[in-house]
Every structure is written in structure tokens, then in C-alpha cells.
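Please look over the sequence and the structure shown here before reading on. The report then takes up the contact between chains, a pair of packed helices and the nonpolar core.

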Amino acid sequence: MWSRVAQAGGTDMGGLDLTFVNWDIISKFVLGGFMFSINLTIIATLGGILFGTILALMRLSGNKPMTIIATVYVNGMRSVPLVMVILWFFLLVPLITGRPVGAELSATITFIAFEAAYFSEIMRAGIQSIPRGQVYAGQALGMTYSQNMRLVVLPQAFRNMLPVLLTQTIILFQDTSLVYAIGAYDLLKGFVTAGKIYGRPEEAYLMAAVLYFVVCFGLSALVKRLQSKIAIIR
Amino acid sequence: MAWDWQVFLNDDGSGGRTYLQWMMDAWGWTVSVAASAWVIAMVVGALVGTMRTLPDNPWLVRLANVWVELFRNIPLLVQIFLWYFVVPKIFPVMQGIPSFVLVVFALGFFTSARIAEQVRAGIQSLPKGQRYAGMAMGFTTLQTYRYVILPMAFRIILPPLTSESMNLLKNSSVAFAVSIAELTMFAMQAQEETSRGIEIYIAVTGLYAISAFAVNRIMSFIEKRVQIPGYVVAGGTGGGH
């Protein structure tokens, strides 16, 4: 398909030859990496939301030690570059578990831990955006703290936060490319490997950029539509 | 496990330079990359963000929108590779340009899209009456932006600009991928050479945290200096990185 596109274009594009990309190469080198990037994004989003919610609840709990622990964790993670966090975990996880772990597993653990900090900030803003009257109403009905959170506050907070959560997921998908630092085999690495083997690194980088763009642009267009829908309901 | 902080006093094998000096040089590179990219990001971001709000110039608006979408939807690492490998191949004129400059442009343009988004949001958050007031004074569009809209908009978006500036500093770490001798590159290489990863990572992480904090202080100093009394600005950052 790409070869046809390139021929139809007819131009040389400064010595670039995109014809080398075909389905064989995609399925052999890129597809596995693409699946890893997608899986990593989904797992890190779900794990990040879960632990992020816990962190946000800790920060809002009013319990001093819990608040301090969560605040230090979140601010610590947010003041360090993601690449450094990836390197840290790659160094520390084998020391803790006592045996070497693969770059892929290490990356998964890193992204859950790192994204939890960012998701917790989103969750905190979402929970705080719920009017106090909702909480009082729950209390007036005799709900416990956890019932109040689970049945009244969190469902509303999640819906308000949905567009921001999804935008963060798109950023997360882009950030998965940084596992390059520890050599995990993701989408980018798939293209880089194919480019190396076929002696076409420039074209491989360009194709990777196009694929990332298509996925991220498509997803953010979806988020925009969702945002307008939610805005109408509210 | 025992600490060994003396590792920083060892010679790094390049002749008379300790790992500590190497790390300080690397910090210098990190700050240089981030500062240069910051200038580009601010200038281009302000320009593109303003273009997106122009009242009767649909093509400029479209062009600016394309700019933002293009630089926002490709991962920074991939953009750095594009600048480093693909752009010099398409434009052979650029082959002699040092990789430092290429990384600065990559990071600067990447961040400019985010800044443009903030600038647009800031301008659009102003009441329409501000623009009309400018028109009523007989200002041209340029004068309206220069004297009425932009001074207000930039004050409003200073808090998000602060967090974008801190993001830019952190994102400069991605320059390791094209072998810029900055902090992350130092961390990776020194870790391999000395096998004292934890000490080295602690030091590098500390330097990043100090730098990010410094950026934060500088920006909030600016925020205080340009504040208009009685005009409260709401903060708020949310996601990103």
C-alpha cells in the first residue's frame, strides 16, 4: 500500500524511499512493538487510575501521616523526568526482587507508579470539583466515608474528569516511546529495528512519526467529541 | 549495601576530570538545552497561540492549528529523531548543524505547541468586551493585541506557563537519545562505568529537582512582579508532563 502511495506521489522527497515499508516488515517488526505500546498504555492507565485514586483519597483524607506520604510521593514523581524514573526502576526492581527482570516488565511497573502520581492530581481536582453539598447529602443519609465516596462522589468525579483522563492517556501513549532508554521493544523500537536491518533508518523514523500522529490525533479528536457530549449533559 | 559517594572523586577516564566535574558539565548542558529551547518555545508559542485567535484571518488560524496538532501528537523522542536523522536528509543544507541546535529546535517546537494552546486559552478566556474596547479606541488589530489583550492574557496564563517551563526542563532529558552530554546521558554512562548507579542516580535526580524548583521560583517571582493589584488570577494545572 505504501509503495503505491509513494509512486502516486511521484516526488523523490529528498532521497527518502518509503517503498521499503510493506506488510511483511510491519507484521514482522512493528506489530509486536505496537501491541506492547498499546498494552503498556492500557495497563498503566488502569493501574494509574487505581493507585492514583488511592493517592488522591489519601491526600484528601485529613489524616496527617497519610496526607504527607501521598503528597511527597506525588510531588517527588512529578519533579523527576520520566526517563530518570524509568532508569531508576530498571536499576532498583532487580535489587528488590533479587533477580533480573526484563525491560518490558520493568517498564510496566514504572509507568503504573509514575502515572499514578499524575492521575492522582487529576482525581484530586475531580473530587474537589464536586460541590460540598453532595458530601453533606451523603452524610445526612447516614452513609459512611467509603459509601459516600463510592456511591456519591467518585462516580460524579469520574464523569467530570473523563476528558482529562483520556487526554492524559494519549500523553501516556506518547510517553511509552521513552522505554527506548532501557531498550524495551515497543512501537518505536520496532520501526528502528526494521530501519536498521533494511538500511533505511530515516524512512523508519518518519513512518513511526506518522503512525504515532495518526493514533494520537484520532484519539484526541474522539476526546473532543466526547467532551462536547458531556458538556451538554451537564 | 554500603554507600560509596567517593565514586564522584574518581577520574572518569578522560584525563584529569572527575565524575563530579563531568556531572556539573552535564548539568550545564541540561540548563543550556532547556534555556535555549525555552526561548524558542515562548516566542513561537506566543506567536502561534495568538494567530489561532485572530478575528478575520481563517488561513492563519488554520495554519496555526496545524502547527499545534502536528507538534503535539508526535512523541518528543520521535521528533528529536526526526530533527536529527530525517530533516538533514531532506534538506542537505542542514547537515553541518550541530546536534545541540537540532535538539534545541526539537524541544522548542514541541513545547511551543503546548504554550500556544495555553496562550489561545488565555486569550479566549478574556471577556469579549476587552477586544471591543480596543476597537472602540480606534486601535488596529495589532495595537489591540499589543496593548489590551496580550498583557492580560499572559498574566492569566502564568501559572500554566510555569508548569510548562518545568516540563520543558524535565523533557530536556530526552536529549540523551542523540548523545547530548546532558544529565541523563551522564547518569546512564556513569552508571555503566562505575556500577554505582544508586549514588549517581540520586545525585542526578537531586540536580533535576533543584533545577525544577529554581524554575518554579523564577516564574513565581515574575508572577509577583507583573501582578496587577486587585486582579486575582486562578491557577490550575491538571495533567501533562
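What follows describes a predicted model, beginning with the place where the chains meet.

**Where the chains meet**

In the contact between the chains, 33 residues of chain B touch 37 residues of chain A. On the chain B side, helix H3 (76–90), helix H8 (183–194) and helix H9 (197–226) each supply at least two residues to the surface that touches chain A. The table sorts this side of chain B by residue class, and it does likewise for the packing of two helices of chain A that is described below.

| Contact | Nonpolar | Polar | Charged |
|---|---|---|---|
| Side of chain B that touches chain A | 21 residues | nine residues | three residues |
| H5(A) with H7(A) | eleven residues | three residues | one residue |

**Two helices of chain A**

Two packed helices are described by the angle between their axes and the distance between the axes. Helix H5 (residues 103–128) and helix H7 (residues 145–175) of chain A pack at an angle of about 145 degrees, with their axes 8 Å apart, and the crossing of H5(A) and H7(A) is right-handed. Among the residues that meet there are Tyr118(A), Phe119(A) and Ile122(A) in H5(A), and Val153(A), Met161(A) and Leu165(A) in H7(A).

**The nonpolar core**

The largest nonpolar core has 119 residues, and those that touch the most other members include Ile86(A), Leu87(A), Leu77(B) and Ala187(B). Helix H4 (residues 99–125) of chain B gives the most to this core, with 13 residues. Which residues does Leu87(A) touch, not counting residues up to four places away in sequence? Leu87(A) touches Ala181(A) and, in chain B, Ala187(B), Met188(B) and Tyr201(B).

Key
Residues are numbered from 1 along each chain as its sequence is written. Chains are lettered from A and ligands numbered from 1 in the order in which they are written. This is a predicted model: local features need pLDDT of at least 70, side-chain atom pairs count only at pLDDT 80 or more; totals for chains, interfaces and linings use all residues. Two residues are in contact if their C-beta atoms, placed from the backbone, lie within 7 Å. Helices (H or I, at least four residues) and strands (E, at least two) are DSSP runs, numbered from the N terminus. Ala, Val, Leu, Ile, Met, Phe, Trp, Tyr, Cys and Pro count as nonpolar, Asp, Glu, Lys and Arg as charged, and the others, Gly among them, as polar. Axes are lines fitted to C-alpha atoms, for helices over the stretch in contact, and angles run from 0 to 180 degrees between N-to-C directions. A crossing is left-handed if the near helix is turned anticlockwise from the far one by less than a right angle, and right-handed if clockwise. A nonpolar core is a set of buried Ala, Val, Leu, Ile, Met, Phe, Trp, Tyr and Cys residues joined through C-beta atoms within 7 Å. A residue is buried if 20 or more other C-beta atoms lie within 10 Å of its own, exposed if 12 or fewer, and partly exposed in between; C-beta atoms are placed from the backbone.
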